[in-house]
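Open your viewer and keep the selection box handy. We will go from the whole chain to a few chosen spots.

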Amino acid sequence: MEPPKSRQSSLSTRLLVWILPVSLTTTLAISLSTYLIARGVILWETQQGIAAVTQAAAAQVKAYFKQRDNDLATISQSPLFKDHYMNVEYGLDQEAEVYRREIERMLLDLERRSGAYPRLAYLDASGRKICIVKDGRIVVPDRPLEEKDYFVSLKKLKPGQRLVSPIIRVPWHNAPIVRYGTPIVDEAGRFRGALVFAVSLEPVYDSLGRLRLGVSGRSFLSARPLGRFYEGLSPSSRETLTSVVAIPGTPWSVVTVVDRRDFIANLAWVSTMTFFFALIASTLLVLIITRQVRTLLRPLQALVRASEAYAGGDLGVRVEVAGPGEVSALAESFNVMADRLKARTEDLMQRVRELTALHRMNDAVLRQLGRDAIGKASLEAAVQGLGFERGILYWVDEARGQVVGACVHGMEGVGLTDDEVRRRVISLESGHILAQITRAREPIYVEDAMNDPRCDREGVTRIGGKSFCGAPIVVRERVIAVICLSAPLAGKTIPTSQMRSLSLFCGAAGLALENAQLVDAIVASEARYRTAVENSPHAVVGLDQNFRITLWNRRAEALFGYQPTEAFGRTLSVIFGDKTYRLLKRQVETEGAIRQAEAAGSSRDGRKLDLNLSWTGQSAGPGGAREWFVVLQDETEKKRLQSQLIQAEKMTAVGSLIAGVAHELNNPLAAVTGFAELLKDLPAKPEEKEDLRLLYESALRCRDIVQGLLLFVRQDKAVRQRLSLNYVVQSTLALFEYRLIKTEGIKLEVELDPGVPQIAGEFQKLQQVLVNLLSNACDALKGRIGPRVIRARTRSNAEGSSVEIEDNGPGVPREKREVIFEPFHTSKPAGQGTGLGLSISKQIVSEFGGNLRYEDVAAGGARFVAGFPTCPADLPEPETVMQLPPSMPGRRVLVVDDEPELVQLMLRLLAEDGLIASASTDCRTIMRRIEDDEFDLVITDIDLGPSKGTQLLQASRGLTRPPSFIFVTGDVLNRSLAKELAELDVPVLPKPFLRTEFLRLVRRVLQQRPSSSRPRPA
């Protein structure tokens, strides 16, 4: 026997050696952690507050600088600068002086509104100061810009860019400043001057100086980069909390620095009291733990000795139940565990015997394939493994409603053989015990078979057993057999555990019998599988372990054009090509499979295919090589439809964008077009007349571009009129004759068929088509060496008539001929084409029942042919531009618009037509003027800011003699507005408009209205 262990190695000593240090360390650690956590939370909250204050301050500073950017951008876009330098360039000093003063007043107004600019300067291209606003007043420029390098940098900027100087101090301002500058360039990109704003940082410093955090906190503006701010801090900065926030768009950051001792000074007494209470708690904890551990562990010694004896093999050892509740419960549990372990040991031995028999049965089942052999093996395993003496197996024939004998085991002593048992037939409808087991689908135990009326007494006497049990073999909710086993000893009952074991054996036998039935099902399934693969709507390809084709279904044959005999033995490179096949093969070898991947393939005849690929592998069985299964879906048509859908979505988005752009351009474009039309008719020098003509044509071109955009978006229903195709061609060529012959040096050959029939169309739209085609032909001839020729022809044909525009340029490449009519497709360099010309032209020709197509020219070049059907006989003649109604001098007209340039234009046009015109921009006084002056006509914009032109119409209809109305608007794509105007039945003139269009509508409306009775001034 081992000697008793020393006290130093006892359980209580070992527990105390670990528990006491851990407890003391934990107590002190908790105290220290409490202090550190409190300190950390305070510092973290303080840091977050500093960061929030810094973010807010940075946001204010950002807004301040952002407003300066906006002021600079807004002022630089003013047309006054262009007017000034253009008048200076033309030597119009008086006009230039007028614009210079307007610029001074604009800069002075900016300085007074913002209060942020101690000095504002406008410089010319040489750096000379043109306008100076300093400290709220306009001063005379005295010397050039102080920093010449800054002006040189300004000249290198692109249009719209700005240059910001570092923070500097100047003697003429009490605070640091920052210079903001931007170049002013003309339409050709030439530098014309610059704007330089001196931005005062006094508001920024005042705003940051008002921030107070703690005792020592302060915020300031730093020009140091954010990533290098902390490099220059001194060692004392470790005691500070710092927050740095960069101001987006500037080289500066807002920095806030606070001494963290301002916030943690009060934690000193907390740490002292925490340490004091931790010492007291640790002392009490040591005393309590030591006493309790030694007291509680004494009753465990008896339990330890009993455990050692039980481990030595003495299964009958027990311990006395005594001591504290937990220890006594442990002792009692030990005794119960010992009793149960003894019983479980005996039961386990029995289970081992049963499992051994079951294993033998499974081995026998795996070696058999027939039903009778499997049934025989199952019966032998059940009898031997479960400890029965003998047994009988019966098959259940549900089709005939019978239970038929199959085989016996252990019946040698009574002379019962398999052949004799097979002659036994029992009806399922009878009250026999086997029929009841089949119907109940549950095991049944018969204790006294001799006196049980359900049993065959003669058979029981022959076997010699008193009691037995029967259990069904069930496969998929169907009983296929019944096993009957006799008791091991006569007069002894069968325990419940043995009945459960019998059910387990019957379940295993059912699985074995089901597997036998599945062998035949597998053969039939393989045939169905091959049928399904052959008739699959997708191409199915099987590959062997070497990635060679072994399966090629009908869909693969139809899709790729290869016969199965041609495909077998080849790789998938026949579909995908060598490069793509190697990439796919490498991915399969690396990842094991490919799921729903997209790949490009081709058929035998070279047709390109978009394929969806799934490539998976399967094992060929134990020891077999891996095989591959590939499913290919043809998505070529699906991809094409998706591409069309995406293009349609793009067109919808582009239409919305065009609508907004056109609306914004219509107002200024109306003024440009109108004044250009007026200026071109004024007396001037020849060179000035040519400039005015170019200005007018450029304005009309802008108008045509906007109208083309609107046509592209609106797709309004075409208004057809009877037109002469020759007249349309001649009118269009008259516009281009000077440009083609004089400017571009292009020879123009015209061949018009005098017998060409009239067509149904709209003059302006058809002229737009010809303008687009002629412009494209002219652009195609740029850079060509040798003669440059454009031919315009009209021809008669069986369908009607056609017009051809042909050039001898490079032509259209074959690969681009299918996309040249698509919207936004252009072959011109960036900024020289919208990509809408041919698309809009094709759309216009289609509206009038025609077709626009491209044709090759044998000698090189391009030819576009627009064919039209013959005009119906009932269409009216078009109204020409010169057919103006007679003027109505002396009538009173009121113009209402919030665009001063348009108001000035309309007043001038009305005055030249002999009308008494006046204007109003104050919405509050318009109705009073309409009531007092009895106007014959009111021309008003629809959108007047806070009020609407439609509201004026509704209000005026309640007057005794309401005036007539004409609406002018640039919002021509607003469907709800168009619907409202249609209901009001008021003429609408879309912006931009020409002089003749404006006067025609005004004269028509005045003709339909009787003259006012009020006398008018001469």
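Of the 1018 residues of the chain, what percentage count as buried? The figure is 41%, where buried means under 20% relative accessible area, exposed means over 50%, and partly exposed lies in between (1.4 Å probe, protein chains only).

Two notes before we move on. This is a predicted model, in which local features need pLDDT of at least 70, side-chain atom pairs count only at pLDDT 80 or more, and totals for chains, interfaces and linings use all residues. Residues are numbered from 1 along each chain as its sequence is written, and side-chain values use heavy atoms, with hydrogens and water left out.

**Whole chain.** Colour by pLDDT, the predictor's confidence in each residue, from 0 to 100. The chain mean is 78, and 79% of the residues reach 70 or more. Switch to cartoon view for 28 helices and 34 strands; these are DSSP runs numbered from the N terminus, helices being H or I with at least four residues and strands E with at least two. Of the contacts (heavy atoms within 4.5 Å) between residues at least 6 apart in sequence, 62% join residues at least 24 apart.

**The ends.** Select residues 1-8: pLDDT stays under 50 here, and the model has 3 contacts beyond four places in sequence for this stretch. Next select residues 1013-1018, where pLDDT also stays under 50 and the corresponding count is 12 contacts. Where pLDDT is low, the predicted coordinates should not be read in detail.

**Strand 15.** Now select residues 478-486. This is strand 15, and 8 of its 9 residues are buried, so the strand is largely enclosed by the rest of the structure. Add strand 14 (residues 468-475), which runs antiparallel to strand 15 and is joined to it by 8 bridges; strands pair if DSSP finds at least two bridges between them. Pro472 has Val482 of strand 15 as its bridge partner. The two strands form a hairpin with 2 residues between them, and Arg476 in the turn has a positive phi of about 55°. Then add strand 10 (residues 391-397), also antiparallel to strand 15, with 5 bridges joining them. Here, Ile392 has Cys484 of strand 15 as its bridge partner.

**Helix 7.** Finally, select residues 268-297, which make up helix 7, and find Leu284 within it. Is Leu284 buried or partly exposed? Leu284 is partly exposed, with a relative accessible area of 49%.
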